[in-house]
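Subject: Structure handover

Hello,

Here is the structure for your files. My notes on what was found follow below it.

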Amino acid sequence: MFVILMMVLFTVGCSSKKRVAEEKNEPAVQYRDDFRSVSATAKKKFLSEMKANDASASVLILTKGFKGGKVTVANEKKSLYSGIPISNLSTGIAGYITINNTVDTKITDDISKVEVVIDAANANKYKFIYVMKDASRLGNPYVITYSNTLRPLK
């Protein structure tokens with residue numbers, strides 16, 4: 001009887017069940033300024049070209065992971081972008097647009113069927129908002145990085 005009990009305990013203790021990866025419903029959010037940046041002159045020129053010098057404007061930059069699915073960017077006032085961005089393999093940039101950082105901005109895409117919100121409370125503190133899609137993340141594939149540093153775009 002003792003041997004059977006030990007075998008049962010050994011079998012239960014050595015079960016090889018894999019843990020189910022936890023799905024994340026919220027995007028990963030980072031606040032960073034510690035990466036390589038362009039010069040102050042180049043940053044000023046870029047902000048002028050994007051008409052984002054105003055305090056109520058930020059630049060939304062789509063980076064890695066966009067592979068040709070339809071993406072829509074909108075706020076409560078209007079649709080800002082609807083297109084099929086593809087990340088450039090050499091620069092890692094898929095596109096960029098100017099957004100009003102005083103209202104929430106929603107990004108949706110047809111591939112992942114997930115909506116992510118750039119909230120105004122964070123957006124108005126940062127000039128650049130980088131959005132990446134990471135297919136290895138279960139649930140919500142988005143990674144949002146708020147920054148005041150402009151990375152080289154070319």
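A contact here means heavy atoms within 4.5 Å. The model is a predicted one. Among contacts between residues at least 6 apart in sequence, 63% join residues at least 24 apart.

The chain has three helices and nine strands. In sequence order the pattern is α-β-α-β-β-β-β-β-β-α-β-β. Of its 154 residues, 37% are buried. The chain exposes about 9,900 Å², and carbon and sulfur atoms supply 56% of that area.

The sheet

One open sheet is made of four strands in the order 4-3-6-7, with antiparallel pairing. Its edge strands are strand 4 (79-83) and strand 7, each of which pairs on one side only. From one strand to the next, the twist averages 15°. Inside this order, strand 3 and strand 6 (residues 105-109) are joined by five bridges, again in the antiparallel sense. At one position, V71 stands opposite D109 of strand 6.

The cores

The largest nonpolar core holds 19 residues, and the members that touch the most other members are L60, F66, I107, I118, I129, V131 and Y142. Two or more residues each come from strand 2 (57-62), strand 3 (71-75), strand 5 (95-100), strand 7 (115-118), strand 8 (128-133) and strand 9 (142-147). Strand 9 gives the largest share, three residues. Apart from this core lies another, of 13 residues, which includes F46, A57, Y130 and L150.

I129 is worth opening in the viewer. Which residues is I129 in contact with, leaving aside its neighbours within four places in sequence? They are S58, V59, L60, I61, I99, I118, A123, I144, T145 and Y146.

The aromatic pairs

A search of the whole structure finds six aromatic pairs. Two are described here.

The rings of Y31 and Y126 have their centres 5.8 Å apart and their planes at 40°. Planes under 30 degrees apart would count as stacked and planes over 60 as edge-to-face, so this pair is tilted. The pair links distant parts of the chain, 95 residues apart: Y31 is in strand 1 (residues 28-31), and Y126 is in the loop between helix 3 (120-123) and strand 8. Are the two residues buried or exposed? Y31 counts as partly exposed because its relative accessibility is 45%, a value in between the limits of 20% and 50%. Y126 has a relative accessible area of 18% and is therefore buried, the limit being under 20%. Ring pairs also bring in Y146, so that Y31, Y126 and Y146 form a cluster.

F46 and F128 form another tilted pair, at 6.4 Å centre to centre with 35° between the planes. F46 lies in helix 2 (residues 40-49) and F128 in strand 8, so the pair ties together parts that are 82 residues apart in sequence. Both residues are buried: F46 has a relative accessible area of 8%, and F128 has one of 0%. F46 is also among the residues of the 13-residue core.

To find these places in the viewer, start from I129 and its contacts, then go to the pair of Y31 and Y126 and the pair of F46 and F128.

Regards

Note on methods
Residues are numbered from 1 along each chain as its sequence is written. This is a predicted model: local features need pLDDT of at least 70, side-chain atom pairs count only at pLDDT 80 or more; totals for chains, interfaces and linings use all residues. Side-chain values use heavy atoms; hydrogens and water are left out. A nonpolar core is a set of buried Ala, Val, Leu, Ile, Met, Phe, Trp, Tyr and Cys residues joined through side-chain atoms within 4.5 Å. Buried means under 20% relative accessible area, exposed over 50%, partly exposed in between (1.4 Å probe, protein chains only). Two strands pair if DSSP finds at least two bridges between them. Axes are lines fitted to C-alpha atoms, for helices over the stretch in contact, and angles run from 0 to 180 degrees between N-to-C directions. Rings of Phe, Tyr and Trp (its six-membered ring) pair if their centres lie within 6.5 Å; planes under 30 degrees apart count as stacked, over 60 as edge-to-face and the rest as tilted. Accessible areas come from the Shrake-Rupley method with a 1.4 Å probe; for residues, only the protein chains shown count as cover.
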